[in-house]
Amino acid sequence: MKAAFCLIVCLAVALSCVLACNPDGDGKPECNSSNVNVKQRNFWDPTHYWECENATGEPENKRCDDGLLFSSDKADCIPLGEWVWTPPCPEKA
């Protein structure tokens with residue numbers, strides 16, 4: 001049951017990102033109950049990511065440790081040698 005709930009939350013976050021994606025913005029999310037403690041890409045700086053600590057606050061711009069860059073695919077900081085740039089917003093069909 002917990003796995004199904006987590007999957008639904010992840011899909012909701014991903015869908016909201018796709019629908020509200022602005023490739024010219026910095027990717028700063030609006031905090032809500034579906035994205036608390038979810039790391040999200042900072043479009044302007046791959047050494048940083050956004051994270052909401054509660055549903056009503058402002059997201060924090062957090063920095064990856066030295067030598068790491070944020071990966072949208074992994075939703076975490078990964079070694080520089082493994083990081084590949086991807087477009088900030090999904091390409092429209």
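Of the 93 residues of the chain, 24% count as buried in this predicted model. The surface that the chain exposes amounts to about 6600 Å², and carbon and sulfur atoms supply 58% of it. The secondary structure consists of 1 helix and 5 strands, and these elements follow the order α-β-β-β-β-β from the N terminus on. Among contacts between residues at least 6 apart in sequence, 26% join residues at least 24 apart.

A search of the whole structure finds 3 disulfides. A disulfide is a covalent bond between the sulfur atoms of two cysteines. With the bonded cysteines counted along the chain, the pairing follows the pattern 1-6, 2-3, 4-5.

One of the disulfides is formed by Cys21 and Cys89, whose sulfur atoms are 1.7 Å apart. Cys21 is located in the loop between α1 (2–19) and β1, whereas Cys89 belongs to the segment after β5, so the bond ties together parts of the chain that are 68 residues apart in sequence. The torsion about the S-S bond of this pair is about -85°, and the disulfide is therefore left-handed. The two cysteines were also assessed for accessibility: Cys21 has a relative accessibility of 23% and counts as partly exposed, while Cys89, with a relative accessible area of 14%, is buried.

A disulfide is also formed by Cys31 and Cys52, with a distance of 2.1 Å between the sulfur atoms. This pair links distant parts of the chain, 21 residues apart: Cys31 is in the loop between α1 and β1, and Cys52 is in the loop between β2 (48–51) and β3 (60–63). The S-S torsion of Cys31 and Cys52 is about -85°, so this disulfide is left-handed. Both Cys31 and Cys52 are buried.

Cys64 and Cys77 are likewise joined by a disulfide, with an S to S distance of 2.1 Å. Cys64 lies in the loop between β3 and β4 (68–71) and Cys77 in strand β5; the bond therefore ties together parts that are 13 residues apart in sequence. The link of Cys64 and Cys77 is left-handed, with -75° about the S-S bond. Cys64 is buried, and Cys77 is buried too.

Two further residues were examined individually. Arg41 is found in strand β1, which spans residues 39–41. Arg41 is buried but has no salt bridge, and Asp73, the nearest side chain of opposite charge, is 7.7 Å away. The side chain of Arg41 instead reaches backbone oxygens, that of Thr86 at 2.8 Å and that of Pro87 at 3.3 Å. Apart from neighbours within four places in sequence, the residues in contact with Arg41 are Asp26, Gly27, Trp50, Phe70, Ser72, Trp85, Thr86, Pro87 and Pro88.

Trp83 lies in the segment after β5 (76–79). The relative accessibility of Trp83 is 22%, and the residue therefore counts as partly exposed. A polar atom of the Trp83 side chain lies 2.8 Å from the backbone oxygen of Phe70. When residues up to four places away in sequence are not counted, Trp83 touches Pro46, Leu69, Phe70, Ser71 and Ile78. Phe70 thus appears among the contacts of Trp83 and among those of Arg41. Between Trp83 and Asp73, which are 10 residues apart in sequence, the C-alpha to C-alpha distance is 9.9 Å.

Notes:
Residues numbered from 1 in each chain as written. Predicted model: local features only at pLDDT ≥ 70, side-chain atom pairs only at ≥ 80, totals over all residues. Heavy atoms only, no water. Helix = DSSP H or I, 4+ residues; strand = E, 2+ residues; numbered from the N terminus. Buried < 20%, exposed > 50% of the residue type's maximum accessible area, 1.4 Å probe, protein only. Lys, Arg positive; Asp, Glu negative; His and termini not counted. Salt bridge = Lys/Arg side-chain N within 4 Å of Asp/Glu carboxyl O. Polar contact = N/O pair within 3.5 Å; in protein donor to acceptor, adjacent residues only side chain to side chain. Contact = heavy atoms within 4.5 Å. Areas by Shrake-Rupley, 256 points an atom, 1.4 Å probe, with all protein chains shown as cover. Disulfide = S-S within 2.5 Å.
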